[in-house]
Amino acid sequence: MFTKRVAIVAGGYSSEYPVSIKSANGIKTFLENSSYETYIVKISRDVWEVLLPDGTTSEIDKNDFTFVEDARIKKFDFAYITIHGVPGENGALQGYFDMIGMPYSCCGVFAAAVTANKYACNRYLSTFGVRVSPSVVIRPCDNYSVQEIIDTVTLPCFVKPNEGGSSFATTKVKEERELAKAIEDAFGEGGNVIVEKFMQGTEVTCGCYKTANKQVVFPITEVVSKNEFFDYEAKYTASKVEEITPARISAEVAKEISETTSKIYDIVGAKGIIRVDYIIIEGEPYLLEVNTTPGMTVTSFIPQQIRAAELDPGKVLSEIIEDILQKK
């Protein structure tokens with residue numbers, strides 16, 4: 001029987017590189033009992049390389065995404081992208097795989113590019129009736145006014161990089177004098193900066209995937225950060241956050257969030273697993289952001305939700321891989 005070779009593509013060009021590597025290790029663990037031959041492929045600006053079973057590495061040939069093992073050129077049948085940030089979350093890597101004809105696990109170029117741009121995504125989805133927070137986008141060439149920003153979003157507010165994840169350079173600004181420094185820090189991650197109105201409420205997150213034969217919306221997770229907000233420390237330090245699945249919310253609100261998540265999946269043309277984050281204010285969910293390459297460590301939200309749905313993570317990933325391969 002032909003064994004399919006799967007590249008778990010991790011790393012990337014942003015500060016979330018180490019988080020991505022953890023997700024890759026999680027995915028490899030989930031697929032241990034599958035029929036696939038799995039390899040972790042690390043991507044950085046300097047080198048693309050595959051980790052071989054003997055502990056050595058082999059450089060990826062970017063012309064066709066092949067590598068050498070045991071003096072033989074080998075090719076992959078599928079790429080599972082788990083890069084958080086550039087180039088795996090903004091559509092760049094998807095465009096490369098499209099050009100070489102490599103099937104992959106997540107959203108295509110358009111969906112990835114739109115969802116990676118928080119401001120554009122929220123504005124786009126708001127036209128379909130999705131509630132979003134008031135926000136302002138700042139470009140490197142803009143001569144912005146601190147007062148005008150505050151007049152639009154009020155204080156306190158959140159300042160973060162507009163593209164990529166929200167784990168780094170995200171600041172909760174409470175006073176006017178803090179805003180310029182927060183914007184400078186966010187620009188340090190590259191690209192544009194988004195400033196959003198702070199919304200006090202219950203933060204939740206909901207995962208979803210669809211294949212030709214089924215549509216699955218996972219149980220919703222409630223996020224209770226022991227820090228001032230769900231920052232990098234809270235995300236990756238168990239003692240700093242309480243994650244409750246299913247969330248302690250009404251059936252009515254849970255139904256709306258599940259339906260909205262499924263609706264967003266279709267609107268953006270998603271593929272594979274996505275995760276959508278919300279904040280609930282007085283019984284109404286507001287969109288925070290859409291994640292098309294969500295974290296997949298053993299303790300990440302999506303694996304938690306898969307288990308809460310009494311499903312097996314490895315089988316879910318295999319379903320997604322096979323569904324995409326059949327559509328090739």
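**Exercise 1. Decide whether Glu-310 is buried or exposed in this predicted model, and say where it sits.**

Solution. Start with accessibility: Glu-310 has a relative accessibility of 74%. The cut-off for exposed is over 50%, so Glu-310 counts as exposed. Next, find its place: Glu-310 is in the loop between α9 and α10, the latter covering residues 313-327. Last, check the backbone: phi of Glu-310 is positive, near 60°, and this residue is not a glycine. That's worth a second look, because most residues other than glycine have a negative phi.

**Exercise 2. Work out what Glu-282 looks like: which loop holds it, what is its phi, and is it buried or exposed?**

Solution. Go to the loop between β16 (273-281) and β17 (284-291); Glu-282 lies there. Its phi is near 50°, again a positive value outside glycine. Now for the surface: with a relative accessible area of 81%, Glu-282 is exposed.

**Exercise 3. Head inside the protein and list what Ile-302 touches beyond its sequence neighbours.**

Solution. First locate Ile-302: it lies in helix α9, residues 301-308. Then look at its accessible area, which is 0% in relative terms, so Ile-302 is buried. Now skip residues up to four places away in sequence, and the contacts of Ile-302 are Gly-207, Phe-218, Ile-273, Ile-274, Arg-275, Pro-294, Gly-295 and Met-296. As a distance check, pick Ala-212, which is 90 residues away along the chain: the C-alpha atoms of Ile-302 and Ala-212 are 21 Å apart.

**Exercise 4. Do the same for Asn-122: is it buried or exposed, and which residues does it contact?**

Solution. Asn-122 belongs to helix α4, residues 118-126. Its relative accessible area is 1%, so Asn-122 is buried. Leave out neighbours within four places in sequence, and Asn-122 is in contact with Val-132, Glu-196, Leu-287 and Leu-288.

**Exercise 5. Find which residues of helix α2 are buried and what they pack against.**

Solution. Helix α2 spans residues 92-100, and its buried residues are Leu-93, Gln-94, Gly-95, Tyr-96 and Phe-97. These pack against four strands and a helix: β1 (5-11), β2 (37-43), β3 (48-51), β7 (78-81) and α3 (109-116). Then step past the end of α2, where Gly-101 follows with a positive phi near 80°.

**Exercise 6. Track down two cis peptide bonds and place their prolines.**

Solution. Remember that most peptide bonds are trans. Look at Val-86 to Pro-87: that bond is cis, with omega near 5°. Pro-87 sits in the loop between β7 and α2. Now try Thr-245 and Pro-246, also joined by a cis bond, with omega about 0°. Pro-246 is in the loop between β15 (241-244) and α8 (251-268).

**Exercise 7. Zoom out and judge the chain as a whole: how compact is it, and where should you be careful?**

Solution. Count the elements: the chain has 10 helices and 17 strands. Its radius of gyration is 20 Å, close to the 20 Å that the globule rule gives for 328 residues, so the chain is as compact as a globular protein of that length. Of those 328 residues, 52% count as buried. Now check confidence: mean pLDDT is 92, with 94% of residues at 70 or more. The stretch to flag is residues 229-237, where pLDDT is below 50, though the model gives this stretch 24 contacts beyond near neighbours in sequence. Where pLDDT is low, don't read the predicted coordinates in detail.

Conventions
Residues numbered from 1 in each chain as written. Predicted model: local features only at pLDDT ≥ 70, side-chain atom pairs only at ≥ 80, totals over all residues. Heavy atoms only, no water. Helix = DSSP H or I, 4+ residues; strand = E, 2+ residues; numbered from the N terminus. Rg over C-alpha atoms; globule rule 2.2 N^0.38 Å. Buried < 20%, exposed > 50% of the residue type's maximum accessible area, 1.4 Å probe, protein only. pLDDT = per-residue confidence, 0-100. Contact = heavy atoms within 4.5 Å.
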